[in-house]
Amino acid sequence: MADNTKKRVAVQGLWSLITNANFKGFFEGRIYSGPVKQICVPGLNCYSCPGAVGACPIGSLQTFLSKMTFKFPYYVLGLLIFFGAILGRVVCGFLCPFGLLQELLALIPFPIKKNRFKADRPMRRIKYIILLLCVVILPASIKLTPVFCKYICPSGTVSGILLAISNSVLAGKLGRLFTWKLIILLAIVIGSLIIFRPFCKYLCPLGAFYAIFNRFALVRLTCDTSKCISCGKCSSVCKMCVDPTLTPDSGECIRCGDCVKACPEGALHCGISVKDRTAPENSSRDTFAS
Amino acid sequence: MKAPDKKRIILMITLTAAIILIFAGLVEGQASAVFEKAAKICMECIGIG
């Protein structure tokens, strides 16, 4: 594991521990219900995880949208926009426990490791469809049903497994819906052994939301075109398949910093952006539009 | 107006809007609504329905 990845995994692990600090919940099969639970965490972290001390922003958003009497979700949306405007997809790279899980799975040796393939690019759009359809439109239409949480969210499935281990009453209630969610989780687990962060790339509505902010968030990636020699090292190390010299503001960039480390000229910078620099005009490498 | 200024202005407007939304939500008591949902086991989320 590269030094940069080690540091990031350490931050991810520490953050996951902090936001899942209700350790006794794992043994008692119960969830935390203290006052901190009214604050949404920035990453995908199911509030029904026995360790969770905060609320899941995507679950909370659907709760408001699926209420019988519609209430505009000022609080949750405000928090999401705040996290997005400050950090953009830094949240995905550093503050998401489910992202950490996928990264750890990616470290396991597997016969097939394929990160770049033809369908990759069109498949990235699925997450925006999920955000619009399963998080906004369907919960607002089919009242009392958080569609994304109920039928897709793998973080909830992990929470279900963790609760069922120590809570026999809940374990006895698991049925067809759980089986369906387990199939999705298994597909993501197997996918993570082959592709880097498949859930983040293709399915995560939270990643889709934060992607909107990557263009102008406070923490950004910038490329100094006067230093760039177009060697392509940055795009070749990017596991999210972004070319940072062409689209440093790409919505697909999770700000992992691998490209910054790989750049031999020090042309890339990731941090609080004070200066904007344009991309080289003669570059023709394929990349994601931001 | 140069591009970096535009981005900074968009960021400032977005952050201001976010803070206003958070306060509006707090005034409306939406933090308690989040708590009500988050403090109980979400049956849909864990796959019971």
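Tutor: A salt bridge is a side-chain nitrogen of Lys or Arg within 4 Å of a carboxyl oxygen of Asp or Glu. The model considered here is predicted.

Student: Which side chains of chain B and chain A meet in a salt bridge?

Tutor: The count between chain B and chain A is one salt bridge. Its N to O distance is 2.5 Å, and the cut-off is 4 Å. The side chains that meet are those of B:Lys7 and A:Asp249.

Student: Which helix of chain B gives the most residues to the side that touches chain A?

Tutor: On that side of chain B, α1 (3-27), α2 (30-38) and α3 (43-46) each supply at least two residues. The helix that gives the most, with 15 residues, is α1(B).

Student: How many residues of the side of chain B that touches chain A are nonpolar?

Tutor: In total, 35 residues of chain B are in contact with 52 residues of chain A. Classed by type, the chain B side has six polar and six charged residues. Its nonpolar residues number 23.

Student: What is the area buried between chain B and chain A?

Tutor: The size of an interface is often given as the accessible area lost when the parts come together. Here carbon and sulfur atoms give 74% of the buried area. The area buried between the two chains is about 3400 Å².

Student: Which helix of chain B helps to cover the buried residues of α10(A)?

Tutor: Helix α10 of chain A spans residues 154-166, and its buried residues include A:Gly156, A:Ser159 and A:Leu163. Among the elements of chain A that cover the buried residues are α6 and α12. From chain B, the covering includes α3.

Note on methods: Residues are numbered from 1 along each chain as its sequence is written. Chains are lettered from A and ligands numbered from 1 in the order in which they are written. This is a predicted model: local features need pLDDT of at least 70, side-chain atom pairs count only at pLDDT 80 or more; totals for chains, interfaces and linings use all residues. Side-chain values use heavy atoms; hydrogens and water are left out. Contact means heavy atoms within 4.5 Å. Buried area is the accessible area (1.4 Å probe) that two parts lose on being put together, summed over both. Helices (H or I, at least four residues) and strands (E, at least two) are DSSP runs, numbered from the N terminus. Ala, Val, Leu, Ile, Met, Phe, Trp, Tyr, Cys and Pro count as nonpolar, Asp, Glu, Lys and Arg as charged, and the others, Gly among them, as polar. The expected span of a helix is 1.5 Å times one less than its number of residues. Buried means under 20% relative accessible area, exposed over 50%, partly exposed in between (1.4 Å probe, protein chains only).
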